[in-house]
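Dear colleague,

I am handing over the structure that we spoke of, and my notes on what was found in it follow below.

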Amino acid sequence: MRAVQVQEYGGPEVLRTVETEVPEPGPGQVSVDVAYTGVNFADLKARGEGYRVPSLPFVPGLEVSGRVRALGEGVSGVEVGQEAAALTAGGAYADVVVTDATTVFPLPSGVDLRTAATLPTVLPTAYALVHAVGRLQPGETVLVQGAAGGIGTVVGQLAKAAGASGVFGVVSGAAKAKYALDHGYDDVFVVPSTTDSVQFVDEVRAATGGRGVDLALDPVGGETFRASLASLAVFGRLVSFGNASSAEPWQVGQPELYPTGLSVSGFSILTLAQTAPGALRALTEKAFAAVAEGVVSLPVTAEFPLEEASEAHRLMGGRTSTGKLLLRVA
């Protein structure tokens, strides 16, 4: 079978298509014949700096749609030949991938394989940020970094559906701002570089009458994390769900939190899959239902054949992409 490997860390050019053996599922696992693979920023960090890479060579990719190929010992709840979406710990840039049965989800009625590939990481993450971790309430306001990306696209829609009175986004360019405004955002602030992140704090304060936002969602870290914290209203909440800037891990304590009763929390869907798979399944079922019911949609804005994974990485790494990028596998 074909697989796209990282044999050394570097730019998109290190992604190489190779022929390798078809993996077989072990106990509690499922193999999937892949139709589409989702491209995520975590894949770029894996390729470039070894994020969550156990060893080389490594096949990136965290989410797929396809048909169940084989079941490992003790697996129930899915059938061979069934259409499904799956969250993986890696290995999804391939014709066949093996993953834990707990992260394989039969497709809801009306959801096709192309749409399904956009769901496993983005939808549950966005749903958790708005509801399970962020606990957004009707009438509250929310600030979202990366508002035109996959997660940002879904968060804007979910926040509106939850009754948010103001949904504000931060993007890196004017085209992305227009895109975000079409997907649930009331106002979008353009910040060309993360080094200019302090710029949006004043804009957030102005847009909220000086109050700040109730909930801020940050996948960037570093200066952007600190600026998001400075954008919170009294009793505001900040959820960190990534470190795209590769800055030093954030630290926050009494001096920042005590004066206005702020709180900071974190979320990682990949870690949740390892530590609380039952919670992940419940979260994913609710998130998939939001798609099946038409509450949210995630446009696929670019699609590449598997062999052109490097081009998908160049597009995403250039900070010009919006929505969801896919690799077409079968």
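Is F225 buried or exposed, and what is its relative accessibility? Please keep in mind that this is a predicted model. F225 has a relative accessibility of 1%, and because buried means under 20%, F225 counts as buried. Its ring is paired with that of W250, the two centres lying 4.8 Å apart and the planes standing at 15°, so this pair is stacked. F225 belongs to helix α7 (residues 222-230), whereas W250 sits in the loop between β12 (232-240) and α8 (254-257), and the pair thus links distant parts of the chain, 25 residues apart. W250, at 31% relative accessibility, counts as partly exposed.

Across the whole structure, three aromatic pairs are found. One of them is formed by F105 and F288, which meet edge-to-face, with 5.8 Å from centre to centre and 70° between the planes. Since F105 lies in strand β7 (residues 104-106) and F288 in helix α10, this pair ties together parts that are 183 residues apart in sequence. Both F105 and F288 are buried.

Helix α10 (residues 277-292) also packs with helix α3 (residues 122-132), their axes coming within 9 Å and crossing at roughly 100°, which makes α3 roughly perpendicular to α10. On the α3 side the contact includes L123 and Y127, and these residues of α3 meet a set in α10 that includes L283 and V291. By class, the contact has eight nonpolar residues, one polar and one charged.

Finally, E140 is in the loop between α3 and β8 (141-145), and its side chain reaches the backbone nitrogen of Q137 at 2.9 Å.

With best regards

Terms used:
Residues numbered from 1 in each chain as written. Predicted model: local features only at pLDDT ≥ 70, side-chain atom pairs only at ≥ 80, totals over all residues. Heavy atoms only, no water. Axes fitted to C-alpha atoms, helices over the stretch in contact; angles between N-to-C directions. Helix = DSSP H or I, 4+ residues; strand = E, 2+ residues; numbered from the N terminus. Parallel < 35°, antiparallel > 145°, perpendicular 65-115°, else oblique. Contact = heavy atoms within 4.5 Å. Nonpolar A, V, L, I, M, F, W, Y, C, P; charged D, E, K, R; others polar. Polar contact = N/O pair within 3.5 Å; in protein donor to acceptor, adjacent residues only side chain to side chain. Phe/Tyr/Trp six-rings, centres within 6.5 Å; stacked < 30°, edge-to-face > 60°. Buried < 20%, exposed > 50% of the residue type's maximum accessible area, 1.4 Å probe, protein only.
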